[in-house]
Amino acid sequence: GVSGTSVEKNITLDSAAGIELSCRLDNKYSHLKSLQVTWKRGNETIRHINKTENSWSIQLWILDNSKLGSYSCTLKGEEEISAVFLLQGKEKPIISYEGDTAVMICKSFGYTPIAWTWYMTNGSEQIAINDSLLADKYVINRISASVTHLKILKLTKEDDGVYWCEAAFELGKSKGKLQLKVLSLMVPLKPFLAIVAEVVILVTIVFLYEIYSKKKEKRA
Amino acid sequence: MPGSPLTPCVPPNSWTPGSPQTPGSPRPPGCPRHPPGGWGVLGGAFLQAALVSGGVRAMGLCLRPLGGAFGARAGAVAWVGSAPLAALQLGGPLGSALSTRFGARPVAMIGGVLSGLGLFLGAFATHLTHLYLSVGLLAGLGWALVFTPSLGTVGRYFPTRRSLATGLVVSGASVSGLALGPLIPLLLDTYGWRGALLLLAAITFNLVAAGALLRPLPIPNESPGPPQDQPGLVGLLRHGPFLRYALAFVLVDVGYYVPFVHGAARAHEVGCDQRRVALVMAAMAGVDGGGRVVAGWLAARPATPLLRHLFVWVALTGLTALVLPLGTSFEGLLTLALTYGFCAGALVPLQFAGVAEVVGTGRLIHAIGLMQMFESFGSLLGAPFAGWLRDVTGNYTVSFLAAGAFLLAGSLLILTLPGFFQGKEGSPAPPPDDPEPPPDPPPAPPRAALDPAV
């Protein structure tokens, strides 16, 4: 990049993986000597940088979501240029049923937020959730400094959709996305009844076969 | 009349009191190889092993979403997983007593209904306590009512090839264990935990069909009339060899589950990523199934000293557990895990077949139930104890050493059983099968009373 501007890239992983992040310097800057490139996660410097002529990369094993977050490579020359990689997990939707209570959890790794805010999406807008206003519908609990729970009571179909938890830090904000699916009980009921019907049929077959084979023995 | 399938063909070795026939002696001509309905019993018992073991394991796999939904701590939710296992084992004697009184088939079918009902009610739980009662107590009780009658019936239907039959049956548990890996996450992702429990309930209702296959055996002298369960159970409690056998398996159970429960964490500890961890655990489960069938087959040949086979497998399992801490690379851990899985699986059918060797077929169902109840103390203590050792020492080395030590201690107890060191003339023939077990067990090893005066 050019002096002053930052580059950011979002990467979404849907399962544990090994990943390599690399920063490459454009050819037009290769005349700059004595370049120092540092890879960091937050304030922590990462060693084990693989370096080639004009690229610097790190290898990460993302085994669980404690390794997700922001990784940055910073170029210190005359100016300081950095690029940020944001690693996110692909969230699975939370499934709940009408009339049930859903609990959505957001955790912050590495940094302690000053405050948490929850949003729900209405069309394309994000509306903050005020749990004191709608206390019999929403309950927001801050379980610990870095964990927040949003409890939604008496679910209806309208509660289905995307929710956001936003963590506010000194220097900025970070958002996490959660999806809630509200199903009606009819959905699992159909396969349930199908399997129960199968059981009844199976039991009937067993007894009928036994009666049949006993009759065969008697005749013989 | 000979030749008619209706003739009560008395299979050798267990049905007529006082008959000193040995396994492998020729069948009366015209007799079917096994009593009619034998294949059905095998199928039903296999299904039962798959569903009961599967059901218990499934609860363990559902714990995380359950915890999230109720906002409970991991410790509180863990009880939803261990309560059904506890109920299954502690309820063993109840299953035996009821099935002796009323017959294996009705009791097993009712057990199927109860366990399905327990899971069904659990799907509607609004509080963690509801789950303890429905999934833990009701379903666990239902499973107990299915488990012992099924295994007991298999033992009685296949007196000559008991270990092979038992091995085939208990391999059902491995099959369901492997299937659950992908199935449970799929159910949870599609239907949430409530829907998943609902569908698991429906699947569990298949136990009713499994129970229906346990055709009652037409035994000439046996009548289920007066409740014999009390004398049976009490007699067992005074039966020295049985008590030692049960104690051996209490010790075995303390160590047995440790690698299965803590294996994944140990694999993480030595640096395996999630995919490799899953591979190690799945391999262990698959090999477990193989071990069950192979050991059952090996021990089913006529005139094999079953107790000696059992001793060897238990000892091997213990030794493997002792060296498990040496597996610090993925390949090393995988090899040791495969060995452990195979040996651990191998001892399962022999444990149940061995009961008949010690107490005879008449009291088989009671003995299995009572043994299960004793074992529950071992199995409930084992994994948490290993976890505590890990917390205290910092890694799993001591935990696995302790597990191996308990397994070896159990194997040593097996050495003390009568008939272990005795020769093979007339090979281990179980004591006579009276409908009324003698009030006092014979003081000398039962086999002495049976020595063919030939």
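**Warm-up**

Is A:Asp159 buried or exposed? Its relative accessible area is 7%, so A:Asp159 is buried. Here "buried" means under 20% relative accessible area, "exposed" means over 50%, and "partly exposed" lies in between (1.4 Å probe, protein chains only).

Before you go on, some ground rules. This is a predicted model, where local features need pLDDT of at least 70, side-chain atom pairs count only at pLDDT 80 or more, and totals for chains, interfaces and linings use all residues. Residues are numbered from 1 along each chain as its sequence is written, chains are lettered from A and ligands numbered from 1 in the order in which they are written, and side-chain values use heavy atoms, with hydrogens and water left out.

**Exercise 1. Find the salt-bridge partner of A:Asp159 and say what the pair ties together.**

Step 1: Get the rule straight. A salt bridge is a side-chain nitrogen of Lys or Arg within 4 Å of a carboxyl oxygen of Asp or Glu.

Step 2: Look for the partner. A:Asp159 pairs with A:Lys137, and their closest N and O atoms are 2.7 Å apart.

Step 3: Place both ends. A:Asp159 sits in the loop between strand 14 and strand 15 of chain A, while A:Lys137 sits in the loop between strand 12 (125-128) and strand 13 (138-144), so the pair ties together parts that are 22 residues apart in sequence. Helices (H or I, at least four residues) and strands (E, at least two) are DSSP runs, numbered from the N terminus.

Step 4: Check the cover. A:Lys137 has 17% relative accessibility, so this residue counts as buried.

Step 5: Stay in the loop of A:Asp159 for a moment. A:Lys154 lies in the loop between strand 14 (147-152) and strand 15 of chain A. Its phi is near 45°, a positive value in a residue other than glycine. With a relative accessible area of 52%, A:Lys154 is exposed.

**Exercise 2. Track down the disulfide and describe both of its ends.**

Step 1: Know what you're after. A disulfide is a covalent bond between the sulfur atoms of two cysteines. The cut-off used here is a pair of cysteine sulfur atoms within 2.5 Å.

Step 2: Count. There is one disulfide over all chains.

Step 3: Name the ends. A:Cys106 is joined to A:Cys165, at 1.8 Å from S to S. The pair links distant parts of the chain, 59 residues apart: A:Cys106 is in strand 10 (residues 102-107) of chain A and A:Cys165 in strand 15 (residues 161-168) of chain A.

Step 4: Read the twist. The link of A:Cys106 and A:Cys165 has -80° about the S-S bond and is left-handed.

Step 5: Ask about cover. A:Cys106 counts as buried because its relative accessibility is 7%, and A:Cys165 counts as buried because its value is 3%.

**Exercise 3. Compare two salt bridges in chain B, starting from B:Arg390 and B:Arg292.**

Step 1: Start with B:Arg390. Its side chain meets that of B:Glu269 in a salt bridge (3.1 Å, N to O). B:Arg390 lies in helix 15 (residues 364-393) of chain B and B:Glu269 in helix 11 (residues 258-269) of chain B, so the pair ties together parts that are 121 residues apart in sequence.

Step 2: Check how covered they are. B:Arg390 is partly exposed at 25%, and B:Glu269 is partly exposed at 27%.

Step 3: Now take B:Arg292. This residue forms a salt bridge with B:Asp288, with the closest N and O atoms 2.6 Å apart. B:Arg292 and B:Asp288 are four residues apart in helix 12 (residues 274-299) of chain B, so about one helical turn separates them. Both are buried.

Step 4: Zoom out. Over all chains, eight salt bridges turn up. A:Glu210, A:Lys214, B:Arg105 and B:Arg215 are linked in a network of salt bridges.

**Exercise 4. Look along helix 4 of chain B and just beyond its end.**

Step 1: Pick out buried residues. In helix 4 (residues 92-102), these include B:Gly92, B:Pro93 and B:Gly95.

Step 2: Step past the helix. B:Gly103, just after helix 4 of chain B, takes a positive phi of about 100°.
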